[in-house]
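Visitor: Could you take me through a close look at one part of this model, the largest pocket, and at what surrounds it? I would like to know which residues line the largest pocket and which lie nearest its centre.

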Amino acid sequence: MSPYISDAPAWQESWDRQQEAYLPDREHRFTAMLDAVDAVTDGVPPRVLDLAGGTGTISLRTLARFPDAEVTVLDLDPALLAIAEASL
């Protein structure tokens with residue numbers, strides 16, 4: 001973990017609040033995406049590739065819903081990836 005990230009959940013919450021201002025129905029979109037994953041996996045733990053995953057928000061939601069899922073987060077921003085790494 002980066003020495004600059006001492007409280008990953010606080011950074012994650014701050015990022016989510018900031019993003020929700022731009023996309024008010026953001027959480028509903030995440031739920032719809034995960035509903036689609038659930039519909040095609042037939043109870044098998046999914047493998048999810050989170051492209052442009054930022055802080056890992058979708059991966060965190062995925063793991064909360066599918067605890068045995070395998071997630072991979074990719075992003076170009078090293079600061080966001082540091083938050084994702086600390087959060088996941």
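Guide: What follows starts with the chain as a whole, turns to the pocket, and ends with a helix pair that takes part in its lining. The model is a predicted one, and the chain in it has 4 helices and 2 strands, arranged from the N terminus on in the order α-α-β-α-β-α. The C-alpha trace spans about 40 × 30 × 20 Å along its principal axes, and the radius of gyration of 13 Å agrees with the value near 12 Å that a compact globule of 88 residues would have.

Within this chain, the largest pocket has a volume of about 230 Å³. Its lining is made up of 16 residues, and those that lie nearest the centre of the pocket are Trp15, Gln19, Arg26, Phe30 and Ile58. The elements that each give two or more residues to this lining are the helices α1 (8-22), α2 (26-41) and α3 (57-65), together with the strand β1 (47-51). Divided by class, the lining holds 9 nonpolar, 5 polar and 2 charged residues.

Two of these lining elements, α1 and α3, also pack against each other: their axes come within 11 Å and cross at roughly 110°, and because angles of 65 to 115 degrees count as roughly perpendicular, the two helices are described that way. On the α1 side the contact is made by Gln12, Trp15 and Asp16, and on the α3 side by Thr57, Leu60 and Arg61; by class, the residues of this contact divide into 2 nonpolar, 2 polar and 2 charged. Trp15 thus appears both among the residues nearest the pocket centre and in the contact of α1 with α3.

Notes. Residues are numbered from 1 along each chain as its sequence is written. This is a predicted model: local features need pLDDT of at least 70, side-chain atom pairs count only at pLDDT 80 or more; totals for chains, interfaces and linings use all residues. Side-chain values use heavy atoms; hydrogens and water are left out. On a 1 Å grid over the protein atoms alone, a cavity is a set of points where a 1.4 Å probe fits but cannot get out, and a pocket is an open set with protein on both sides within 12 Å along at least five of seven lines; lining residues have an atom within 4 Å of a point. Grid points are joined across faces, edges and corners, and a volume is the space filled by probe spheres set on the points. Ala, Val, Leu, Ile, Met, Phe, Trp, Tyr, Cys and Pro count as nonpolar, Asp, Glu, Lys and Arg as charged, and the others, Gly among them, as polar. Axes are lines fitted to C-alpha atoms, for helices over the stretch in contact, and angles run from 0 to 180 degrees between N-to-C directions. Angles under 35 degrees count as roughly parallel, over 145 as roughly antiparallel, 65 to 115 as roughly perpendicular and the rest as oblique. Contact means heavy atoms within 4.5 Å. The radius of gyration is taken over C-alpha atoms; the globule rule is 2.2 Å times the number of residues to the power 0.38.
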